[in-house]
Amino acid sequence: MKRSAIAGLALFGVLSALPAMAQTQPQQRIRGTIEAMDGPVMTIAARGGTTATVTVADDATVRTIAPADIHDIKPGTYIGSAAMPQADGSLQALEVQVFPESMRGVGEGQHSFDLKPGSTMTNATAGDVTGTDGRVVTMQYQGHETRLVVPPGVPVITYEPGNRSQLVKGAHVIVSAVKADDGSLVSHAVQVGKDGLVPPM
């Protein structure tokens with residue numbers, strides 16, 4: 001899968017390359033809590049108050065979203081952030097993702113995002129890092145540079161390998177899904193909060 005296609009998925013650029021069907025269908029991002037699992041069929045109470053039924057494909061990638069710390073970000077760390085653009089051209093972080101080295105380069109760039117109206121998702125390499133409580137991080141991507149302001153208390157997460165045993169009632173998930181020919185939703189990529197963590201993005 002080309003990097004440009006991964007980048008178009010914004011947040012789900014962090015996920016493994018998807019099969020051909022998933023590349024040609026519009027992606028739906030479903031955030032919520034698992035209400036039930038019936039074999040591969042997941043019922044999700046979505047954040048917006050709706051309910052979604054999604055079949056987890058046999059080849060689906062499961063990743064764990066785990067807590068991280070702002071001090072994990074050093075110059076050269078590959079990071080991502082859902083953020084709000086500011087009048088001075090900087091970004092104010094809504095959340096920050098610290099990618100493991102194995103995920104360096106995925107989804108690189110800046111794209112519109114749906115966490116809040118007007119929000120963006122930026123995946124980039126950290127340059128200078130200043131501050132100790134709230135931090136300002138220089139983000140460098142594709143010949144561009146921007147400043148990310150991370151206020152105190154903004155959630156910081158990282159990614160770990162996951163497995164289907166984590167997909168249980170009560171788990172908090174973000175699911176990337178596409179419509180199958182019969183109109184049902186199929187997911188090839190699921191992210192699940194570790195030990196009850198609610199994904200902040």
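**Exercise 1. Strand pairing around S9**

Task: In this predicted model, determine how many bridges join S5 to strand S9, and whether the two strands run parallel or antiparallel.

Solution.
Step 1. Strand S9 covers residues 144-150, and two bridges join S5 to this strand. The two strands run parallel.
Step 2. A residue pair illustrates the pairing: leucine 91 has leucine 148 of S9 as its bridge partner.
Step 3. S9 is also joined to strand S8 (residues 135-141), here by seven bridges and in an antiparallel arrangement. Leucine 148 appears again, as the bridge partner of valine 137.
Step 4. S8 and S9 form a hairpin with two residues between the strands, and glutamine 142 takes a positive phi near 45° in this hairpin.

**Exercise 2. A charged residue in the interior**

Task: Glutamate 95 has no salt bridge; establish whether this residue is buried or exposed, and which side chain of opposite charge is nearest.

Solution.
Step 1. Locate the residue: glutamate 95 belongs to strand S5, which spans residues 91-98.
Step 2. Glutamate 95 is buried, and the nearest side chain of opposite charge is that of arginine 31, at 8.5 Å. A salt bridge requires a nitrogen and an oxygen within 4 Å.
Step 3. Look for polar partners instead. A polar atom of the glutamate 95 side chain lies 2.7 Å from the backbone nitrogen of alanine 82. The side chain of glutamine 97 makes a polar contact with the side chain of glutamate 95, at 3.0 Å.
Step 4. Complete the surroundings. Apart from neighbours within four places in sequence, glutamate 95 is in contact with residues including Gly80, Ser81, Met121, Val154 and Pro200.

**Exercise 3. Methionine 37, methionine 42 and the nonpolar cores**

Task: State which residues methionine 37 touches, not counting residues up to four places away in sequence, and then describe the largest nonpolar core.

Solution.
Step 1. Methionine 37 lies in strand S1 (residues 28-38). Its relative accessible area is 31%, so the residue is classed as partly exposed.
Step 2. With the stated exclusion of residues up to four places away, methionine 37 touches Met42, Leu167 and Val168.
Step 3. Turn to methionine 42. Under the exclusion of residues up to four places away in sequence, methionine 42 touches a list of residues; among them are Ile34, Met37, Val54, Leu167, Val173 and Val190.
Step 4. The general background is that nonpolar side chains tend to be buried together in soluble globular proteins.
Step 5. In this model, the largest nonpolar core has 18 residues, and Met42 and Leu167 are among those with the most contacts inside it. Two or more residues of this core come from each of S1, strand S2 (41-46), strand S3 (51-67), strand S11 (172-179) and strand S12 (185-193). S3 gives the most, with five residues.
Step 6. A second, separate core has 17 residues, including Leu91, Ala124, Val137 and Val154.

**Exercise 4. Salt bridges**

Task: Find how many salt bridges the whole structure contains, and explain which parts of the chain the pair of arginine 29 and aspartate 114 ties together.

Solution.
Step 1. The whole structure contains five salt bridges.
Step 2. In one of these, the closest N and O atoms of arginine 29 and aspartate 114 are 3.1 Å apart. Arginine 29 is in strand S1, whereas aspartate 114 is in the loop between strand S6 (109-112) and strand S7 (120-130); the pair therefore ties together parts 85 residues apart in sequence.
Step 3. Assess accessibility. Arginine 29 is partly exposed at 25% relative accessibility, and aspartate 114 is partly exposed at 38%.
Step 4. Glutamate 101 and arginine 104 form another salt bridge, with an N to O distance of 2.7 Å. Glutamate 101 counts as exposed at 56% relative accessibility, while arginine 104 counts as partly exposed at 36%.
Step 5. Glutamate 160 and lysine 194 also form a salt bridge, their closest N and O atoms being 3.2 Å apart. This pair links distant parts of the chain, since glutamate 160 is in strand S10 (residues 156-161) and lysine 194 is in the segment after S12, 34 residues apart.
Step 6. Salt bridges with shared partners join Arg29, Arg31 and Asp114 into one network.

Key: Residues are numbered from 1 along each chain as its sequence is written. This is a predicted model: local features need pLDDT of at least 70, side-chain atom pairs count only at pLDDT 80 or more; totals for chains, interfaces and linings use all residues. Side-chain values use heavy atoms; hydrogens and water are left out. Helices (H or I, at least four residues) and strands (E, at least two) are DSSP runs, numbered from the N terminus. Buried means under 20% relative accessible area, exposed over 50%, partly exposed in between (1.4 Å probe, protein chains only). Lys and Arg count as positive and Asp and Glu as negative; His and the chain ends are not counted. A polar contact is a pair of N or O atoms within 3.5 Å; within protein, one must be able to donate a hydrogen and the other to accept it, and residues adjacent in sequence count only if both atoms are side-chain atoms. Contact means heavy atoms within 4.5 Å. Two strands pair if DSSP finds at least two bridges between them. A nonpolar core is a set of buried Ala, Val, Leu, Ile, Met, Phe, Trp, Tyr and Cys residues joined through side-chain atoms within 4.5 Å.
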